[in-house]
Amino acid sequence: MKKMLALLGALMLMAFAIQGCDDLDDTDVPVYDFVWKGMNLYYLWKDQVPALSDNRFSNQGDLNNYLQSFSSPEDLFNSLLYKKDDVDKWSVIFSDYRVLENALQGVVTSNGVEFGLKYLPNSDTEIFGYVRYILPNSDASGKPIERGDLFRSVNGTELTISNYRNLLSQETYTLNLATYSGGTLTPTGENVTLTKSQYAENPVYQVSVHQTGSHKIGYLMYNGFFSNYNAELNSAFGELAGQGITDLVLDLRYNGGGSVRTATYLASMITGQFPGQLFSKQQWNSKIQAHYESVAPQTLQELFATQLGNGTPINSLNLTRVFILTSEATASASELLINCLDPYIDVVVIGAKTVGKNVGSVTLYDSDDFGPNGRSSEHTYAMQPIVLKTVNKNGFGDYSTGIVSENPQNRLEEDMANLGVLGSPTERLFARAITIITGSGRFSQPQPELPARNFKDSKNMQRFGNEMYLDKAPEGSLELLMIK
């Protein structure tokens, strides 16, 4: 109790210091004030940004004078980021929190074509696209386009690193398909016109079971850790458990991340033998970290679970080994899953090196506690700044350069000229997993016919495409830290 009172007293002094005078009367000031105070409290790299120092401003008037120097809330927000586009590539601010909330659950504007963009061989400016998969019940799902199709042009204009965003961000556009032969991409003359609309993606894309000898191999392609679909994910594991699978291949090659809690549920579905044990631990900035460690250290931990948040029992497989397929698009919560499962079971990674995003965010609203309730009616801004780093039970989380298999035979790139069918035992990455599972002998895969360097993909072109986030800020007397 004495410790809590001392902490409260110190924090109240801090709050009074910044409260010095009334907020500015300008109607935009609440937005600017919200941006600075939210970042001052939560931002992971707060200690490396002088403008966010607790003693940077002696009173509210000094802060207001500082805020007046910025032309927009976005301008202020970007100025507070630590080494933007180098260290912090991910913090974002939205002028409409509803757009952000949709993005967190995989609700975006899409025509149904999930694609990747690659550099043409021997070029640093020219690029081409390839179709990764088609979203069901989308505009594209009823048109002559499928996984493995290539396109060099959009609306008759060849793609480059300078024009791709303008061409592919249009509500309606036409993909000019191409074929690859003899080292050259050649137009086929086939064109597919696509129109975007709001689309909610169910990340549980494909579930199947393959009998190979004595092995029942489960395959699950999972494309986003969206908490709205936790029940669908759990049902998929119920289906796999019901068929008595002996092995699991989890395809995360196009999964850019999502909810930390959903990643914990997924880990609990794969295993089941570690209830209540530490799955991951959060590391915040020095002010937040000290607060939670003092008053509520348990809020920094994610534990293996036996049920979903609504009380539904988790369908667990009790596996001691899992195969995870990766690519250059595998990021955030996907990498968290790999890193934090590794101390408990054998995690066999197959594919290309992952993105290397070991930090996460939380949504901040303009309210007394930065939560969604009681948010300001004067504007609709919300922020999603990076606020934490995650580590596994051994304290390891330094994979910012990406995760890749230690076994060179498991480092496989997709072949743009022959992507194969997702979930097929002959598909390049899945076939490698089956070889290891069955011990069927020497594995041999030809080098990709169309080798190409990665550029972008349809998910990381979005403002919030690759992410790991908390569904809400952890509890634990957080109101003590608020600078009112």
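**Exercise 1.** What percentage of the 484 residues of the chain count as buried?

*Solution.* In this predicted model, 56% of the 484 residues of the chain count as buried, where a residue is buried if its relative accessible area is under 20%.

**Exercise 2.** Describe the overall make-up of the chain, and work out how its radius of gyration relates to the globule rule.

*Solution.* Begin with the secondary structure, which comes to eleven helices and 23 strands. The radius of gyration is 24 Å, close to the 23 Å that the globule rule gives for 484 residues, so the chain is as compact as a globular protein of that length. Next, take the extent of the C-alpha trace, which spans about 70 × 55 × 35 Å along its principal axes. Finally, turn to the contacts between residues at least 6 apart in sequence, of which 74% join residues at least 24 apart.

**Exercise 3.** Characterise the packing of helix 8 against helix 10, giving the geometry, the handedness and the residues that meet.

*Solution.* The axes of helix 8 (residues 260-270) and helix 10 (residues 333-341) come within 10 Å and cross at roughly 45°. Because that angle lies between the limits of 35 degrees for roughly parallel and 65 degrees for roughly perpendicular, helix 8 is oblique to helix 10. As for handedness, helix 8 passes helix 10 in a right-handed crossing. At the contact, Val260, Ala263, Leu266, Ala267 and Ile270 from helix 8 meet Ala333, Leu336, Leu337 and Leu341 from helix 10. Sorted by class, this contact has nine nonpolar residues, with no polar and no charged ones.

Definitions and conventions:
Residues are numbered from 1 along each chain as its sequence is written. This is a predicted model: local features need pLDDT of at least 70, side-chain atom pairs count only at pLDDT 80 or more; totals for chains, interfaces and linings use all residues. Side-chain values use heavy atoms; hydrogens and water are left out. Axes are lines fitted to C-alpha atoms, for helices over the stretch in contact, and angles run from 0 to 180 degrees between N-to-C directions. Helices (H or I, at least four residues) and strands (E, at least two) are DSSP runs, numbered from the N terminus. Angles under 35 degrees count as roughly parallel, over 145 as roughly antiparallel, 65 to 115 as roughly perpendicular and the rest as oblique. A crossing is left-handed if the near helix is turned anticlockwise from the far one by less than a right angle, and right-handed if clockwise. Contact means heavy atoms within 4.5 Å. Ala, Val, Leu, Ile, Met, Phe, Trp, Tyr, Cys and Pro count as nonpolar, Asp, Glu, Lys and Arg as charged, and the others, Gly among them, as polar. The radius of gyration is taken over C-alpha atoms; the globule rule is 2.2 Å times the number of residues to the power 0.38. Buried means under 20% relative accessible area, exposed over 50%, partly exposed in between (1.4 Å probe, protein chains only).
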